[in-house]
Number of protein chains: 2
Amino acid sequence: MDFKAVKGTRDFYPDQMRVRNWIAEAWRRASLRNGFEEYDSPIFEYLDLFTAKSGQEIAGQLFGFTDRGGRRLAIRPEITPSLARMVNARINSLPRPIKWFSLPRLCRAENPQRGRLREFFQWNVDVIGADSILADAECIYVAVDALGELGLSADDVCVRIGSRPLTVAALRAAGVPAELTGPALAVLDKRPRLSDEDFGKLAADAGLTEGQIAAVGRFQEASSLGELRSHFHDCDEVKADLDDLAELFATLEAMGAGDYCALDLRVVRGLAYYTGVVYEVFDRSQALRAVAGGGRYDNLLEVLGGPKVGATGFGMGDVVLGILLAEKGKLPDLSPRIEYFVIEATEELRPKVLEVVGALRRAGLSADFNYRPQSIGKQLKAANRRGAARAVIVRADGVSIKDLASGAQRDRALEEFLRAPAGAEHMQ
Amino acid sequence: MDFKAVKGTRDFYPDQMRVRNWIAEAWRRASLRNGFEEYDSPIFEYLDLFTAKSGQEIAGQLFGFTDRGGRRLAIRPEITPSLARMVNARINSLPRPIKWFSLPRLCRAENPQRGRLREFFQWNVDVIGADSILADAECIYVAVDALGELGLSADDVCVRIGSRPLTVAALRAAGVPAELTGPALAVLDKRPRLSDEDFGKLAADAGLTEGQIAAVGRFQEASSLGELRSHFHDCDEVKADLDDLAELFATLEAMGAGDYCALDLRVVRGLAYYTGVVYEVFDRSQALRAVAGGGRYDNLLEVLGGPKVGATGFGMGDVVLGILLAEKGKLPDLSPRIEYFVIEATEELRPKVLEVVGALRRAGLSADFNYRPQSIGKQLKAANRRGAARAVIVRADGVSIKDLASGAQRDRALEEFLRAPAGAEHMQ
């Protein structure tokens, strides 16, 4: 018998687990200091919740199953539907804006590829109940805040910001009929990953003429708000959306995140449900898939049976981010460390070793020891292997505290050491 | 449309999430200071892994599904099989003893009841590669250490410790034939939850005679190691197991966890795979299900295709523990707090507010603000609602820092405040 993990899932041995926790804790700290509160949903939901948001075709991308009562369930492929369900259930009692984050484990029945696994973790940050562009700005800011804490500068990553309503307006201005807007957006979303020739073919398949493709291309090339205003000839219809974008960039600049952000109208986001600004975080070289993506989705709560209420947010997965951090050499030394390794001078002193170990741990200090009797030399080697800062050598007449980095050693009475073990930190 | 969470699963709104995190962080801190390293496995595995450990009948208690290739998968109902799989895969390179812990999310297709849900979290602590009873003692110690940190004293909870080999020896001494040992253990495991009459019936169904039931009952009533030795008339066959138990209690006493622990031979543990000491943690009143359970399982790695290697550990779920902590009033005030709420004196100062908010957050301080322009009074109310320690009122000519508990207020220049915002903490 030879058991293996399922393809596309990961075993987190302690080395990998420390990296996962290091990323998750940076996400959590950034969320909390930005005023977001953590929530979570069950790992599985009724399948209907996911198909109501994304259509029946999503079912093929989920791990679905049936409970004993014959109801169709699925492991969550994203947490946004659950978030909308939870908020809808308490929409009248939750103070707004609802600023929530989560660190869910998600599963998708995909073919595993570089940067895309069947099981992953995704930081989700959302503001619900606020129509203000400030809510979009805050979501982008918290993403930048966390990326900065993880060691990624504005030279490493970029938040590329587009606009769903302006893209729709550009399609309309180019003469694309309303019923082709959805297919056109789906094709535009794929554009950055396609050759011009392949994109042209797909766009033609979606019903766009060459003239329309060229017109939308000019819109997408606008690299400043000024160029964008010119493209639309200061048309009233798009004024509010242009003003929103301008306020978004001004806000991010005022908050100190401007360096990380750029206008990029090629960012469209594939999902139908976006209604406002949209954005994706990429490494500057764009060699990897998107690190994060999000935007405004003002209709989702209503689609899931609630009221119409403003909502905006993003998801940042751990897989591409982990690859990027490793490639950029940003992962710190996370080897395990303990404060004390307790050593017995002779085997008869084992009860005293146990007393010391128990007392240190109860005092909140990390401590370990050998199960098997060994020479002091071998126990000191074990202490070094375990990453101990200090060894406590328990002798019949007291203890010796040895700093394992400097080699400095000091003798103390056992009772004195147990009363104030942390005092040993100042031994040098 | 009215979407709900699946029965037996939980939505973690921020209030519940803070309790879950508070418990998980106590588990994690206790694990780390006791020298354990964290690992995790995928949420689903090939079904075979679970049936290889627990038999085909486990399949009915799992959420199983099939991937596109037709392979049978299941959401993990426990993490021990995955742990054994992971350790077996690296058995020759992992330094022993392997002291690992995990905080997995687990799912079981059960009928939800008080203390038993379909989805829950379970702290798992295991030592692999050590035959010494010290490994069992360490697992029990870390459980006690965490329970103490959560505010549960030896008056609240008790680790009830039994012995699988001594129970098997008692059955044999009572004349129970070897082939009835398994069914007899299963019945004995249920005994504490049954009336004498119901237990008698079940035991008779399992093939035990009245004399055998009485003899095993006398064994289970032994409340000290001395009584236990008498029961076995100092028989050589059980000497090693009796010595193990004696050393276990002496170790727990030396480490300072003796008060929490008691001999209780009624603790048998239902699962076939235990091979040594077994234990369960109960509230002292025994009004609730077990808070935790575990023991030694020296054969599991071999059953799952690895070598024969000593292993011992326990699982502690969050559901019963959460009920107990709530009933005992041990849950602390976990309401969300932020350090600063930034207020605009007039709407034109919004860019300065954004600058202050961004600077505070980048300095690692938690800060929030209102999206909508409001009077200073309303913004101060919002600051109090958000649990802010201080308000920063941004004026045209500087900032006023207001301590919201004392009402004390101090004016500072904006630049000075941005250089050293934390200095405001010493304003009184």
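This report describes selected features of a predicted model with chains A and B.

## Relation of the two chains

Two copies of a chain are related by a rotation about an axis and a shift along it. Here, a turn of 180 degrees with a shift of 0.0 Å along the axis lays chain B on chain A, and the RMSD is 0.0 Å. This is the relation of a two-fold axis. The same surface serves both copies, since 100% of the contact residues of chain B recur in chain A.

Which residue of chain B comes closest to the rotation axis? That residue is B:Phe65, whose C-alpha lies at 2.7 Å from the axis.

## Helices H1 and H8 of chain A

Helix H1 of chain A covers residues 14-33. At 1.5 Å a residue, its 20 residues should span 28 Å, and its end C-alpha atoms are indeed 28 Å apart. The helix is mostly covered, as 14 of its 20 residues are buried. H1(A) is followed by A:Gly35, which has a positive phi near 85 degrees.

Helix H8 of chain A, residues 210-221, has 12 residues. The distance from its first C-alpha to its last is 16 Å, close to the 16 Å expected at 1.5 Å a residue. An α-helix has 3.6 residues a turn, so residues three or four places apart point the same way. The buried residues of H8(A) are A:Gln212, A:Ile213, A:Ala215, A:Val216, A:Gly217, A:Phe219 and A:Gln220. What covers these buried residues includes four helices of chain A: H5 (164-173), H6 (181-190), H7 (196-205) and H9 (225-231).

## Two helix pairs

How are H6(A) and H7(A) placed with respect to each other? They pack at an angle of about 170 degrees, and their axes are 9 Å apart. Angles over 145 degrees count as roughly antiparallel, and H6(A) and H7(A) are therefore roughly antiparallel to each other. At the contact, A:Val187, A:Leu188 and A:Lys190 in H6(A) meet A:Phe199, A:Leu202 and A:Ala203 in H7(A).

In chain B, helix H2 (residues 47-54) packs against helix H3 (residues 80-89) at an angle of about 105 degrees, with the axes 9 Å apart. This angle makes H2(B) roughly perpendicular to H3(B). The residues that make the contact are B:Leu49, B:Phe50 and B:Lys53 of H2(B), together with B:Pro81, B:Ser82 and B:Arg85 of H3(B).

## Two buried residues

A:Asn124 is placed in strand S7 of chain A, residues 119-128. Is this residue buried or exposed? With a relative accessible area of 3%, A:Asn124 is buried, because buried means under 20%. Its side chain makes a polar contact of 3.0 Å with the side chain of A:Gln122. Not counting residues up to four places away in sequence, A:Asn124 touches A:Tyr39, A:Ile79, A:Thr80, A:Trp100, A:Phe101, A:Ser102, A:Pro104, A:Phe314 and A:Gly315.

B:Phe36 lies in the loop between helix H1 (14-33) and strand S1 (37-38) of chain B. This loop residue counts as buried, at 1% relative accessibility. Leaving aside residues up to four places away in sequence, B:Phe36 touches B:Ser31, B:Lys99, B:Trp100, B:Phe101, B:Val125, B:Asp126, B:Val127 and B:Val142. B:Leu166 is 130 residues from B:Phe36 along the chain, and the C-alpha atoms of the two are separated by 29 Å.

## Backbone details in the loops

Where does chain A have a cis peptide bond? The bond from A:Arg96 to A:Pro97 is cis, with omega near 0 degrees. A:Pro97 lies in the loop between helix H3 (80-89) and strand S5 (98-102) of chain A. In chain B, a cis peptide bond joins B:Arg96 and B:Pro97, with omega about 0 degrees. B:Pro97 is in the loop between H3 and strand S5 (98-102) of chain B.

A:Gln286 is not a glycine, yet its phi is positive, near 55 degrees. A:Gln286 is found in the loop between strand S10 (277-283) and strand S11 (292-296) of chain A, and at 38% relative accessibility it counts as partly exposed. B:Gln286 has a positive phi of about 55 degrees, although it is not a glycine. The place of this residue in chain B is the loop between strand S10 (277-283) and strand S11 (292-296). B:Gln286 is partly exposed, with a relative accessible area of 39%.

Key:
Residues numbered from 1 in each chain as written. Chains lettered and ligands numbered in written order. Predicted model: local features only at pLDDT ≥ 70, side-chain atom pairs only at ≥ 80, totals over all residues. Heavy atoms only, no water. Buried < 20%, exposed > 50% of the residue type's maximum accessible area, 1.4 Å probe, protein only. Polar contact = N/O pair within 3.5 Å; in protein donor to acceptor, adjacent residues only side chain to side chain. Contact = heavy atoms within 4.5 Å. Least-squares fit on C-alpha atoms with pLDDT ≥ 70 in both. Expected span 1.5 Å × (residues − 1). Axes fitted to C-alpha atoms, helices over the stretch in contact; angles between N-to-C directions. Parallel < 35°, antiparallel > 145°, perpendicular 65-115°, else oblique.
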